[in-house]
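Colleague: Could you take me through this model? I'd like to hear what stands behind each label you put on it.

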Amino acid sequence: MLGLLACAACARPSPDPAPRAFDVSTLAAEAVPGAVLDECHRPLRDRMRHLEVTVQLPSGAKWQVFTALPEALRAVGERGSYLVRGSQVFALGAPAPDSVPAPLAAELRALLPLLDAAAFGPLHRAQQCRRDGTHFVLRDASGHETALQLRAGTLLPERFGTGDAAVACVDYLRTSSTWM
C-alpha cells in the first residue's frame, strides 16, 4: 500500500500525444490498409499473428490467451483450458467438444474476432480495399469482408467488423513506435 501511495504522489506523466491529423480522402482506397499499418503498427508488421495476452471480460472472467490468428487460440482460466479452432471449442483433457457448455463456448469463440481486430488482423490480411460511404471494406484472399471505420481526421481505426461481430477501438496507448 505504501508503494501505491508513493506512486500517487509522483508527478503524472504527460498525457499521450494526440494522433497525427490526416485527411484520408487524399488516399486511394487500396492504399488505406498500408497507411493505417504504417501509422499504427509499422515495427509490428507481419508479427501480430502469434500473441500472448491476458483478457478480462466484462463478466469478470480472466483468460490467458495464446493465439494463431485468425484461426485458433488456446485460453486458460479459472474455468479450465480450452482450444478454439474456427467455430469449434474443445475442453483440453475432455472427451468431446460437446463437453463445453454453450455460453462458455460462445464467450471463448468471441475472443478470436476481438483479438484479431486488436492485432489489426483484417488490415494485415487485406488484399483489396474499397470505400463504402463513411467507411472502408477490406477483403482478404478468402473473400471475407470486414468493414473498417477510421477515427475522424486520423489513420487510427475506430471500428472493425461485420454485423454483430464488430469491435470498437475505445482508446489507444501511444508507445514509442506504435498506437495500440
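Modeller: Sure. The protein chain has 4 helices and 10 strands, and read along the sequence the pattern goes α-α-β-β-β-β-β-α-α-β-β-β-β-β. This is a predicted model, where local features need pLDDT of at least 70, side-chain atom pairs count only at pLDDT 80 or more, and totals for chains, interfaces and linings use all residues. Residues are numbered from 1 along each chain as its sequence is written, and side-chain values use heavy atoms, with hydrogens and water left out.

Colleague: What makes a stretch a helix or a strand here?

Modeller: Both are DSSP runs numbered from the N terminus: H or I over at least four residues for a helix, E over at least two for a strand. Helix α3, for one, has 17 residues, so it passes the cut-off of at least four.

Colleague: How do you know the span of α3 is close to what is expected?

Modeller: The expected span is 1.5 Å times one less than the number of residues. For α3 that gives 24 Å, and the helix reaches 25 Å from its first C-alpha to its last.

Colleague: Why are β2 and β3 called a pair?

Modeller: Pairing needs at least two bridges found by DSSP between the strands. Strand β2 (residues 62-68) and strand β3 (residues 72-77) have 6 bridges in the antiparallel sense, so they count as paired. Phe66 stands opposite Arg74 in β3 there.

Colleague: Which sheet do they belong to?

Modeller: An open one of 5 strands, ordered β1-β2-β3-β4-β5 with antiparallel pairing. Its edge strands are β1 (52-56) and β5 (88-91), each pairing on one side only. From one strand to the next, the twist averages 25 degrees.

Colleague: What packs on that sheet?

Modeller: Helix α3 (residues 102-118), which touches β1, β2, β3, β4 (80-85) and β5. A contact is a pair of heavy atoms within 4.5 Å. The direction of α3 makes about 55 degrees with that of β2; axes are lines fitted to C-alpha atoms, for helices over the stretch in contact, and angles run from 0 to 180 degrees between N-to-C directions.

Colleague: And what happens between β4 and β5?

Modeller: They run antiparallel, joined by 4 bridges, with Val84 standing opposite Val89 in β5. The hairpin has 2 residues between the strands, and Gly86 takes a positive phi near 65 degrees. β5 itself has a covered face, Val89 and Ala91, and an uncovered one, Gln88 and Phe90.

Colleague: What is noteworthy about the backbone at Phe120?

Modeller: Most residues other than glycine have a negative phi, and most peptide bonds are trans. Phe120 has a positive phi near 60 degrees, and it is in the loop between α3 and α4 (121-125). There is also a cis peptide bond joining Leu69 and Pro70, with omega about 0 degrees; Pro70 is in the loop between β2 and β3.

Colleague: Why is Phe120 called buried?

Modeller: Buried means under 20% relative accessible area, exposed over 50%, and partly exposed in between (1.4 Å probe, protein chains only). Phe120 has 3%, so it is buried.

Colleague: Why does Thr154 count as buried too?

Modeller: Because its relative accessibility is 7%, and the limit is under 20%. Thr154 is found in the loop between β8 (145-150) and β9 (157-161). Leaving out residues up to four places away in sequence, Thr154 touches Pro19, Arg20, Phe22 and Val24.

Colleague: Is there a second sheet, and what is its order?

Modeller: There is an open sheet of 5 strands in the order β6-β7-β8-β9-β10, with antiparallel pairing. Its edge strands are β6 (128-132) and β10 (167-168). Helix α2 (residues 32-41) packs on this sheet, touching β6, β7, β8 and β9.

Colleague: How many cavities of 30 Å³ or more does the structure hold?

Modeller: It holds 1, and the largest cavity has a volume of about 40 Å³. A cavity is a set of points, on a 1 Å grid over the protein atoms alone, where a 1.4 Å probe fits but cannot get out; lining residues have an atom within 4 Å of a point. Grid points are joined across faces, edges and corners, and the volume is the space filled by probe spheres set on them. The lining includes Pro122, Arg125, Leu138 and His144.

Notes: On a 1 Å grid over the protein atoms alone, a cavity is a set of points where a 1.4 Å probe fits but cannot get out, and a pocket is an open set with protein on both sides within 12 Å along at least five of seven lines; lining residues have an atom within 4 Å of a point.
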